[in-house]
Amino acid sequence: MKITKAKLVEFGPTATSQQQYYFPDLNDIRNANIFGMEAFGEDNLTKTYGGNTPIADADFANAYVNLYFNGGNFLLIPLIRMVQTQNNAASGTNGYSRFPFLMDGQVIEWSKSFIWFGTTSGLTTGRYFQLNIYYKDFK
C-alpha cells in the first residue's frame, strides 16, 4: 500500500462496561477516501501518542469495527484484523507481520462508526484505542 496521508486517532471509554465506542469527530478527514486502517495495542506500544495505556491484546479478539459509509452501507471487521504487526513492545521480542487491512476509497461517516464488543467489554477508563487511518482527500 502506498501511503499518501495518515491520521493517527486515539480515543477511549468514557465509562466502564461499554459495548460501543464511537469514533471521535474526525472533521479533517470527513470527506476523505479511506484506503487502509491499522490498530495498535499493548503488544505494539507501551503508551499511546497521548501517553495513555493501549487496549489489552486479549481485547482485540472480542472487538469489531463497524464503519458506516454511502448513506447506509457498512463494513464489520474484526479489530484484530487491523493489527498489522505483532511484537512485544515490553520485552522486545519479535512476532510477525500481516498484510495490511486495505479499503477501496470509501468515504466513512465517522459519527456513525464505532468499535463494538459482543459482550460487556470490561475496558476501563485509562485504556485507549489507537488507530492509524490512511487516506487521500483529493483537494
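In which strand is N66 found? N66 is found in strand β5, which covers residues 63–69, and its surroundings are taken up below.

## Basis of the model

The structure is a predicted model, in which local features need pLDDT of at least 70 and side-chain atom pairs count only at pLDDT 80 or more, whereas totals for chains, interfaces and linings use all residues. Residues are numbered from 1 along each chain as its sequence is written, and side-chain values use heavy atoms, with hydrogens and water left out.

## Overall composition

The chain has 1 helix and 11 strands, where helices (H or I, at least four residues) and strands (E, at least two) are DSSP runs numbered from the N terminus. Along the sequence these elements follow the pattern β-β-β-β-α-β-β-β-β-β-β-β.

Of the 139 residues in the chain, 42% are buried; here buried means under 20% relative accessible area, exposed means over 50%, and partly exposed lies in between, with a 1.4 Å probe and protein chains only. The chain exposes about 7,300 Å², of which carbon and sulfur atoms supply 49%, the areas coming from the Shrake-Rupley method with a 1.4 Å probe and, for residues, with only the protein chains shown counting as cover. Among contacts (heavy atoms within 4.5 Å) between residues at least 6 apart in sequence, 74% join residues at least 24 apart.

## The open sheet and N66

An open sheet is formed by 4 strands in the order β2-β10-β5-β6, with antiparallel pairing; two strands are taken to pair if DSSP finds at least two bridges between them. Its edge strands are β2 (20–22) and β6 (73–78), each of which pairs on one side only. On average, neighbouring strands of this sheet are turned by 20 degrees against each other, direction ignored; the axes behind such angles are lines fitted to C-alpha atoms, for helices over the stretch in contact, and angles run from 0 to 180 degrees between N-to-C directions.

The antiparallel strands β2 and β10 (residues 114–117) are joined by 3 bridges, and F114 in β10 is the bridge partner of Y22. F114 is also among the residues touched by N66, together with F74, L75, L76 and S113, when residues up to four places away in sequence are not counted. N66 itself is buried, with a relative accessible area of 13%.

## Strand β11 and its partners

Strand β11 (127–136) is largely enclosed by the rest of the structure, because 7 of its 10 residues are buried. With β1, β11 pairs in the antiparallel sense over 7 bridges, and in this pairing V9 has L131 as its bridge partner. Strand β3 is likewise joined to β11 by 7 bridges in an antiparallel arrangement, with Y134 in β11 as the bridge partner of G36. The pairing of β4 with β11, by contrast, is parallel and runs over 2 bridges, one bridge partner pair being P54 and Y128.

## The nonpolar core

The largest nonpolar core contains 30 residues, of which F23, M37, L79, W110, I115 and L131 touch the most other members; such a core is a set of buried Ala, Val, Leu, Ile, Met, Phe, Trp, Tyr and Cys residues joined through side-chain atoms within 4.5 Å. At least two residues of this core come from each of β1 (5–11), β3 (33–40), β5, β9 (101–106), β10 and β11.

Leaving aside neighbours within four places in sequence, L79 is in contact with A39, I55, F60, A63, Y64, V65, I115, F129 and L131.

## Salt bridges

The structure holds 4 salt bridges, each defined by a side-chain nitrogen of Lys or Arg within 4 Å of a carboxyl oxygen of Asp or Glu. In one of them K7 pairs with D28, the closest N and O atoms being 3.0 Å apart. Because K7 lies in strand β1 and D28 in the loop between β2 and β3, this pair ties together parts that are 21 residues apart in sequence. D28 is partly exposed, at a relative accessible area of 40%.

Another salt bridge joins the side chains of E42 and R127 (2.9 Å, N to O), and this pair links distant parts of the chain, since E42 sits in the loop between β3 and β4 (53–54) and R127 in strand β11, 85 residues apart. Partly exposed status applies to E42, at 33% relative accessibility, and to R127, at 25%. K112 forms a salt bridge with E109, with 3.6 Å between the closest N and O atoms; K112 is partly exposed at 42%, and E109 is partly exposed at 28%.
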